Amino acid sequence: MTRYLSYLVFTIVFVLSMPLAHADGDADRAAISDALAKLSTYADGLARNASRSEDRAVRKQFAPQATEIADELEALARRTQRDVSYAALGRDAVEIGRDASALVERADEAEDIAERKTLRAQAAALEQGVATTRKVIESLARESDRPAKPAKPTPMRQAAFDQLVQTIRAASFDDDKVEVVRHAAQGNWFGANQVATVMDLLSFDDGKIDAAVAMWPRITDPENSFVIFNKLAFDSSKDKLRKRVSK
């Protein structure tokens with residue numbers, strides 16, 4: 001039982017110290033359920049060993065309480081795999097943790113010193129495993145309460161962007177081309193490379209700047225804006241664009 005005790009503690013700590021998937025909620029629940037199932041198996045083994053004790057208090061009080069904890073852990077393991085909130089699972093884990101703490105104290109009722117020491121160590125390991133699992137569940141509960149980050153916008157699909165390029169090319173003058181760009185920017189997002197491509201369709205720096213300014217608030221990767229500035233040949237033009245987009 002002592003060897004199994006060491007294996008259990010190692011297993012629970014290892015499983016629950018692994019980085020949680022978060023992006024894959026099923027994987028998180030499976031890991032927690034597995035840890036709870038192992039704890040249930042351990043508690044059940046502890047109960048069966050205690051039921052064979054020569055000490056009446058161990059047989060009649062410690063063993064039934066360990067069995068009850070094993071059943072509670074098994075039920076919680078099953079609930080974890082269902083669509084039950086982490087907050088609710090955490091509350092259940094708190095209750096089981098209290099029962100596990102009481103089991104540690106119950107071990108002190110054994111008359112034999114060696115048996116008392118062994119039972120207390122085993123019950124303490126069970127309590128530690130429950131506490132570790134509870135902390136992970138509570139962490140996931142806090143994570144689930146956080147508002148989801150808004151999805152990052154995606155630039156125009158290539159086919160739609162190609163059609164936009166053709167429309168811009170069909171316009172005769174830079175002013176007309178910029179007007180097409182302004183209209184497109186009302187409902188679309190663009191990658192920095194797409195903005196640079198549009199700028200290549202205009203003849204003069206003023207038109208390129210106007211087009212870039214129109215598209216700037218709708219750029220999905222502003223960290224790549226250097227490709228946009230590279231489309232301007234003169235430093236004065238780059239400064240002009242920089243001032244306009246920084247307003």
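These legends go with close-up views of a predicted model.

**View 1. Glu-95 and Arg-98 pair up within helix α4.**
Let's start with a salt bridge inside a single helix. The side chains of Glu-95 and Arg-98 meet here, with 2.7 Å from N to O. Why can these two find each other? Both sit in helix α4, which covers residues 86–106, and because they are 3 residues apart, about one helical turn separates them. Side chains of opposite charge can pair when their charged atoms come close. As for how open the two ends are, Glu-95 is partly exposed at 41% relative accessible area, whereas Arg-98 reaches 53% and counts as exposed. This pair belongs to a bigger tally: a search of the whole structure turns up 14 salt bridges.

**View 2. Asp-206 and Lys-240 link helix α9 to helix α11.**
Now for a pair that reaches across the chain. Asp-206 and Lys-240 form a salt bridge, and their closest N and O atoms are 3.2 Å apart. Asp-206 belongs to helix α9 (residues 205–215) and Lys-240 to helix α11 (residues 235–245), so this bridge ties together parts that lie 34 residues apart in sequence. Are the two partners buried or exposed? Neither label fits: Asp-206 is partly exposed at 47% relative accessibility, and Lys-240 is partly exposed too, at 37%.

**View 3. Asp-210 and Arg-244 make another bridge between α9 and α11.**
Here the closest N and O atoms of Asp-210 and Arg-244 are 2.6 Å apart, in a salt bridge. Asp-210 is in α9 and Arg-244 is in α11, so once again the pair ties together parts 34 residues apart in sequence. Arg-244 has a relative accessibility of 30%, so it counts as partly exposed. Elsewhere, salt bridges with shared partners join Glu-105, Asp-108 and Arg-120 into one network.

**View 4. Helix α8 packs against helix α9.**
Two packed helices are described by the angle between their axes and the distance between the axes. For α8 (residues 192–200) and α9, the axes come within 9 Å and cross at roughly 150°. Angles over 145 degrees count as roughly antiparallel, so α8 and α9 fall into that group. Their crossing is right-handed. Which residues do the touching? From α8 come Gln-194, Val-195, Val-198, Met-199 and Asp-200, and they meet Lys-208, Ala-211, Ala-212 and Met-215 of α9. Sorted by class, the contact has 6 nonpolar, 1 polar and 2 charged residues.

**View 5. Met-199 is a buried residue of helix α8.**
Zoom in on one residue from the last view. Met-199 lies in α8, and with 0% relative accessibility it counts as buried. What does Met-199 touch, leaving out residues up to four places away in sequence? Its contacts are Lys-208, Ala-212, Ile-228, Lys-231 and Leu-232. Leu-232 is 33 residues away from Met-199 along the chain, yet their C-alpha atoms are separated by 8.8 Å.

**View 6. Helices α6 and α7 run roughly antiparallel.**
The final pair is helix α6 (residues 158–170) with helix α7 (residues 174–185), whose axes come within 8 Å and cross at roughly 150°. That angle is why α6 and α7 are called roughly antiparallel to each other. The crossing of α6 past α7 is right-handed. On the α6 side, Leu-164, Thr-167, Ile-168 and Arg-169 meet Lys-177, Val-180, Val-181 and Ala-184 of α7. This contact is made up of 5 nonpolar, 1 polar and 2 charged residues.

Conventions
Residues are numbered from 1 along each chain as its sequence is written. This is a predicted model: local features need pLDDT of at least 70, side-chain atom pairs count only at pLDDT 80 or more; totals for chains, interfaces and linings use all residues. Side-chain values use heavy atoms; hydrogens and water are left out. A salt bridge is a side-chain nitrogen of Lys or Arg within 4 Å of a carboxyl oxygen of Asp or Glu. Helices (H or I, at least four residues) and strands (E, at least two) are DSSP runs, numbered from the N terminus. Buried means under 20% relative accessible area, exposed over 50%, partly exposed in between (1.4 Å probe, protein chains only). Axes are lines fitted to C-alpha atoms, for helices over the stretch in contact, and angles run from 0 to 180 degrees between N-to-C directions. Angles under 35 degrees count as roughly parallel, over 145 as roughly antiparallel, 65 to 115 as roughly perpendicular and the rest as oblique. A crossing is left-handed if the near helix is turned anticlockwise from the far one by less than a right angle, and right-handed if clockwise. Contact means heavy atoms within 4.5 Å. Ala, Val, Leu, Ile, Met, Phe, Trp, Tyr, Cys and Pro count as nonpolar, Asp, Glu, Lys and Arg as charged, and the others, Gly among them, as polar.
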